[in-house]
Amino acid sequence: IAATQPSTDWHLKENAREHHTSKFSSEELIVRRGQAFTITFNGAERPEQNLIFIAETGPKPSKATRTLATFDISSTLSKEGWSAVLQSSSSSSVSISISSPHNAVIGRYRLSVQSGSSSPQSLGTFVLLFNPWSSGDDVFMPNAAECEEYVLEEFGIIFAGNKNHISSFGWNFGQFQGDILNICLAIMDRSLYYRQDPITDVSHRHDPRYLGRVLSAMVNANDDQGVVLGNWSGKYEGGKNPTSWTGSGEILQSWKKSGFKPVKYGQCWVFAAVLTTVLRCLGIPTRTITNFSSAHDADGNLRVDEFYDADGNHLERGADSVWNFHVWNESWFTRNDLGPSYSGWQVLDATPQEESGGIYQCGPASRHAIKEGEVELDYDGPFVFAEVNADCMYWNYDSATGKKTLIFSKATEIGASISTKAVGRDARVDVTRDYKYEEGKEIFKKARKKLGLEDKFDPTAPKQEEVEQKPDISGKFKVAGSLEVGKDLNLLLVLENLQSDAKTVNVNMTAWSTLYTRRRVNQIWKDSLSVTLAPKEEKQFPIKIKYPEYQQRLTTDKTIQVTALCHVKDGIQVLVKRNITLDNPAIDIQVLGEAKVNKEVVVEVAFTNPINEEVKDCVLQVEGSDLLQGILELRIPPLKASEKSSTKFKLIPSEAGPKHLLVNFFCDKFADIKTFKMVNVIN
């Protein structure tokens, strides 16, 4: 008699609890490698009749590529390969404990069972993930609180602004929501690596180093129709402004819904946040890192050149740039290719900046190797090293003659206040010292030597136009008053004569609205002044840029670059510059009453219009994993000058624990006013 198709009980609840996968909302079994899970199935005739199990993944499973395993029932579970142990059996059903090796390929498996000489019968499918809780796994993370934060936490804080004025916003990673796991598996199957050679690609999916690199390429749209299309133009028609996203879920869902067309638009934190979601979902501990005054060294000489004209305008010349901040990722895994001291945090960067191996991917670069200047080690060491260590050279460029003159150079400008979210709390942790030593000159020399740069430009033996002379005066911009969108911007230009004779100075000043990458967008203001400074004298010049002057010209990054190029009579030029990030006005969230699972709770969001004109086209967007499904969008009536609006809406939390609600408010005068609130949900 033909055996009936066996029906399988996957023990979803118990297995998920054991495997730290309870947060997934799936009808399919999701387990972690190197750890046993239990299933029960019926339809097997007597189990002592040699049951053989077959687990397979990928398009053409084979034992050679470790994508096919056949195993029978043994007395103990093996650490090496796949194995099964009989838990209990009755006349109608059998319970089996199955274990996979620590280095199994991750992904969706098909499981079948064969009894005696009959043909195999399908038991169904399950998904196998990395296991940071298991000491044999490449991603093993011994600290349980860190596992909780870097794999299971769905909320993050991303740091932005600039090094003088660090700001932050919340992000909903949402790696366990809805269909995200299936989308992450689809991302792997759409990579160039998979398209070129699916069998080899799947066989490498046991290795976090390989997957980290592949996924850093797939999160950006360059080369492979990946998830997010970058746009740093300041114009975002036909898509969403990068500053308006508040979570990865909407982006990943849109990518899938559109038939895998890149989602418009992203900038660095969007790429980093989406990569965090994907890697946490697959079980690789991952976090976002913000580097302030981040260098993009396009030509690999560990220095960035910036050019200014005689009026002090920052020119778009050369491919090098310095960004107010840049966000990348660190993922935690061993580096068997480099040796034990290079294991731990690895830098991955999904923002498409430079090609690596012919495509836009970056990393993994061992953070330890970067700190030690060992830039020759895989992968992309020189680029990451430059992001935190490059020298800055500031030039005056005369477009009429093509002549460039060095104004000054600075070795300490780049790589400041490198930041990430604290474990288990909503605070900033500074990790700068994990990237570089306090005094890094020797390491910098070592890196230059490894890159064969020691004979090329060296500040101690410069060519004629690269001689750096001592300036006669010094200058700086000081902020006077608050830095808030809607208020006038008050600055002081402070000039000091360093010499013991009087100096005459002509100063050309400009202010431009910029992107966070310091790319100029609109000129806001210009002015000039002439001054004679007595010996050793310091003078202050107040500068006021009124709100109406910058209002229409500000970008949604809310950044302004102010420069003063000082032409000293019979002396060398002095460049004074400052990058300013304005804050949005505040917005307030209150949870009215206690938040309980499956019970309605009311939330109130309040905003006061701080300017003396009406604001309109007001929209409030709300999201938060386990607090509401998807994104709630509320239209708000126009607000007159100084008017306060209060908006109420209901949530029905679906799970207990500390959850985060993210709010984004925007209108015609203010872009993306964001805040978040921790909501403690009780059962």
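# Notebook: a predicted chain in four domains

**Entry 1, the overall layout.** I began with the domain assignment of the chain, which gives domain 1 (7-129), domain 2 (144-451), domain 3 (470-581) and domain 4 (587-681). Before going further I noted that this is a predicted model, so I am treating each value below as computed from that model. Looking at how domain 2 and domain 4 sit relative to one another, I found that their C-alpha centres lie 30 Å apart, and that the contact takes 17 residues from domain 2 and 12 residues from domain 4.

**Entry 2, the chain as a whole.** I then looked up the secondary structure and found 13 helices and 37 strands in the chain. The radius of gyration is 29 Å, close to the 26 Å that the globule rule gives for 683 residues, so the chain is as compact as a globular protein of that length. The C-alpha atoms fill a box of roughly 105 × 65 × 40 Å when taken along the principal axes. I also wrote down that buried residues make up 55% of the 683 residues, and that the chain exposes about 28,300 Å², of which carbon and sulfur atoms supply 48%. Among the contacts with a separation of 6 or more, 67% come from residues 24 or more positions apart.

**Entry 3, the annotated active site.** Which residues does UniProt list under "active site"? The unreviewed entry lists Cys-268, His-326 and Asp-349. These residues are spread over 82 residues of sequence, yet they cluster in space, with a largest C-alpha distance of 9.9 Å. The same record, again as an unreviewed entry, lists residues 260-352 as "domain: Transglutaminase-like". I looked at that span in the model and found it to be 16% helix and 44% strand, with its end C-alpha atoms 18 Å apart.

**Entry 4, His-326.** I located His-326 in strand 17 (residues 321-333). Is His-326 buried or exposed? Its relative accessible area is 1%, and because buried means under 20%, His-326 counts as buried. Not counting residues up to four places away in sequence, I found that His-326 touches Cys-268, Ile-289, Thr-290, Asn-291, Ser-294, Asp-349, Thr-351, Gln-353 and Glu-387. I underlined Cys-268 and Asp-349 in that list, since UniProt lists both of them with His-326 for the "active site".

**Entry 5, Asp-349.** I found Asp-349 in the loop between strand 18 (344-348) and strand 19 (365-366). Although Asp-349 is in a loop, it counts as buried, at 2% relative accessibility. Leaving aside its neighbours within four places in sequence, Asp-349 is in contact with Ser-216, His-326, Val-327, Trp-328, Gln-361, Cys-362 and Glu-387. I also noted that a polar atom of the Asp-349 side chain lies 3.0 Å from the backbone nitrogen of Thr-351.

**Entry 6, helix 2.** Next I turned to helix 2 (residues 144-152), where Cys-147, Glu-149, Tyr-150, Val-151 and Leu-152 are buried. What covers these buried residues? The cover includes strand 2 (29-32), strand 10 (155-162), helix 8 (268-282), strand 14 (286-296), strand 18 and strand 22 (416-421). At the N-terminal end of helix 2, Asn-143 acts as a cap, with a side-chain oxygen 2.8 Å from the backbone nitrogen of Ala-145.

**Entry 7, Ser-513.** I then looked up Ser-513, whose place is in strand 26 (residues 503-514). Ser-513 is buried, with a relative accessible area of 0%. A polar atom of its side chain lies 2.7 Å from the backbone oxygen of Arg-553. Leaving aside neighbours within four places in sequence, the residues in contact with Ser-513 include Arg-519, Val-521, Ile-524, Arg-553, Leu-554 and Ile-560.

**Entry 8, Lys-544.** My last residue was Lys-544, which lies in strand 28 (residues 538-545). How accessible is Lys-544? At 41% relative accessibility, Lys-544 counts as partly exposed, because that class covers values between the 20% and 50% limits. Lys-544 and Leu-492 are 52 residues apart in sequence, and their C-alpha atoms are 8.7 Å apart in space. Beyond its neighbours within four places in sequence, Lys-544 is in contact with Asp-488, Leu-489, Asn-490, Trp-525 and Glu-549. With one of these residues, Asn-490, the side chain of Lys-544 makes a polar contact of 3.4 Å.

Definitions and conventions:
Residues are numbered from 1 along each chain as its sequence is written. This is a predicted model: local features need pLDDT of at least 70, side-chain atom pairs count only at pLDDT 80 or more; totals for chains, interfaces and linings use all residues. Side-chain values use heavy atoms; hydrogens and water are left out. UniProt positions are given in the numbering used here, feature names are shortened, and annotations may be inferred rather than shown by experiment. Helices (H or I, at least four residues) and strands (E, at least two) are DSSP runs, numbered from the N terminus. Buried means under 20% relative accessible area, exposed over 50%, partly exposed in between (1.4 Å probe, protein chains only). Contact means heavy atoms within 4.5 Å. A polar contact is a pair of N or O atoms within 3.5 Å; within protein, one must be able to donate a hydrogen and the other to accept it, and residues adjacent in sequence count only if both atoms are side-chain atoms. The radius of gyration is taken over C-alpha atoms; the globule rule is 2.2 Å times the number of residues to the power 0.38. Accessible areas come from the Shrake-Rupley method with a 1.4 Å probe; for residues, only the protein chains shown count as cover. Domain bounds come from an automatic or database domain assignment.
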